[in-house]
Amino acid sequence: MLNLVLFGPPGAGKGTQAVKLLEKYQLIHLSTGDLLREQIAAGTELGIQAKSIIDKGDLVSDQIVIGMIDSKLKANQNARGFIFDGFPRTPAQAKALDELLELRGTAVSAMIFLEVGHDELVARLLNRGKISGRIDDQNISVIEKRVQVYAKETAPVKDHYLSQSKFVSVKGVGSVDEIFNALCHEIDKLL
Ligand code: AMP
């Protein structure tokens, strides 16, 4: 199986690249942000709880997102592999993902980090907010909060994969196709 963790701060382009990668490599896209937004749109209790957290730029609890990933892995037993987008976001989530995959006799193949500078991230998120209508992309203080939460809580996830020699870094600046080609170059080395 090919299991990729697409990693990077909010606005790094993970979602855009994930859609192109899953077509090319025939993988299932698991974005915890998308799964949470589905719950919000459906008006579930989980969605109502998650919305207030997401709108402030904080992280939803590990237990909730790990449970969502677990049920998606169960629902896709015959997948060729997965692209994890926006997950894991804490070291506890990274550990849980290792355990969930190990139970299925597989593992993360690589964590690919999309490198993008701070000012570029903020500009991209504000621009996306105009198009997508995402409330968390429309307010500069919520955006800065998400970037801070990333630096404090999510950036340490890199060490988890570094210690397993699974960390790969790719420049996340340039055209969508240039970045995609750089990602494919790294992924093809894993096959
Ligand atoms: P994203 O679409 O990945 O930018 O996620 C949007 C928001 O959903 C984040 O700012 C968090 O509030 C929440 N979220 C998404 N994925 C996770 C995760 N793995 N752990 C905790 N919160 C998450």
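# Notebook: ligand site and selected residues

I began with the shell around the ligand, whose residues divide into 6 nonpolar, 4 polar and 6 charged. For these classes I took Ala, Val, Leu, Ile, Met, Phe, Trp, Tyr, Cys and Pro as nonpolar, Asp, Glu, Lys and Arg as charged, and the others, Gly among them, as polar. The model is predicted, so I kept to the limits set for it: local features need pLDDT of at least 70, side-chain atom pairs count only at pLDDT 80 or more, and totals for chains, interfaces and linings use all residues. Residues are numbered from 1 along each chain as its sequence is written, and side-chain values use heavy atoms, with hydrogens and water left out.

**Ligand**

I listed the residues that surround the ligand and found 16, the closest being Thr-32, Arg-37, Asp-58, Gly-86 and Gln-93. A residue is near the ligand if one of its heavy atoms lies within 4 Å of it. I then asked which element gives the largest share of the shell. Helix α2 (residues 32-42) does, with 4 residues. Helices (H or I, at least four residues) and strands (E, at least two) are DSSP runs, numbered from the N terminus.

I looked up three arginine side chains against the ligand. An N or O atom in the Arg-37 side chain is 2.9 Å from a ligand oxygen. In the side chain of Arg-89, an N or O atom is 3.0 Å from a nitrogen atom of the ligand. For Arg-134, I read 3.3 Å between a side-chain N or O atom and an oxygen atom of the ligand. Taken alone, the ligand exposes 480 Å², and the protein buries 96% of that. Accessible areas come from the Shrake-Rupley method with a 1.4 Å probe; for residues, only the protein chains shown count as cover.

I checked the pockets and found the ligand in the largest one. The search used a 1 Å grid over the protein atoms alone; a pocket is an open set of points with protein on both sides within 12 Å along at least five of seven lines. A molecule sits in a pocket if more than half of its atoms lie within 2 Å of its grid points.

**Arg-89, Thr-154 and the cis bond**

I returned to Arg-89, this time to its backbone oxygen, which lies 2.8 Å from a polar atom of the Thr-154 side chain. Thr-154 is in helix α7 and counts as buried because its relative accessibility is 4%. Buried means under 20% relative accessible area, exposed over 50%, and partly exposed in between (1.4 Å probe, protein chains only).

I noted a cis peptide bond between Phe-87 and Pro-88, with omega about 0°. Pro-88 lies in the loop between β3 (81-85) and α5 (91-103).

**Asp-137 and Lys-145**

I placed Asp-137 in the loop between α6 (118-132) and α7 (140-154). Is Asp-137 buried or exposed? Asp-137 is buried, since its relative accessible area is 0%. Its side chain joins that of Arg-128 in a polar contact of 2.7 Å. Such a contact is a pair of N or O atoms within 3.5 Å; within protein, one must be able to donate a hydrogen and the other to accept it, and residues adjacent in sequence count only if both atoms are side-chain atoms.

Lys-145 is in helix α7 and is partly exposed, at 29% relative accessible area.

**Positive phi**

I found a positive phi of about 55° at Gln-26, which is not a glycine. Ser-165, not a glycine either, has a positive phi of about 55°. Most residues other than glycine have a negative phi, and most peptide bonds are trans. Gln-26 lies in the loop between α1 (14-25) and β2 (28-31) and is partly exposed at 48% relative accessible area. Ser-165 is in the loop between α8 (157-162) and β5 (167-171) and is exposed at 69%.

**C-alpha separations**

I read Leu-190 in the segment after α9. Its C-alpha atom is separated by 8.3 Å from that of Leu-2, 188 residues apart along the chain. Ile-179, in helix α9 (residues 176-188), counts as buried at 6% relative accessibility. The C-alpha atoms of Ile-179 and Asp-58, 121 residues apart along the chain, are separated by 28 Å.

Conventions:
1 Å grid on protein atoms, 1.4 Å probe; cavity = no way out; pocket = protein on both sides within 12 Å on 5 of 7 lines; lining within 4 Å.
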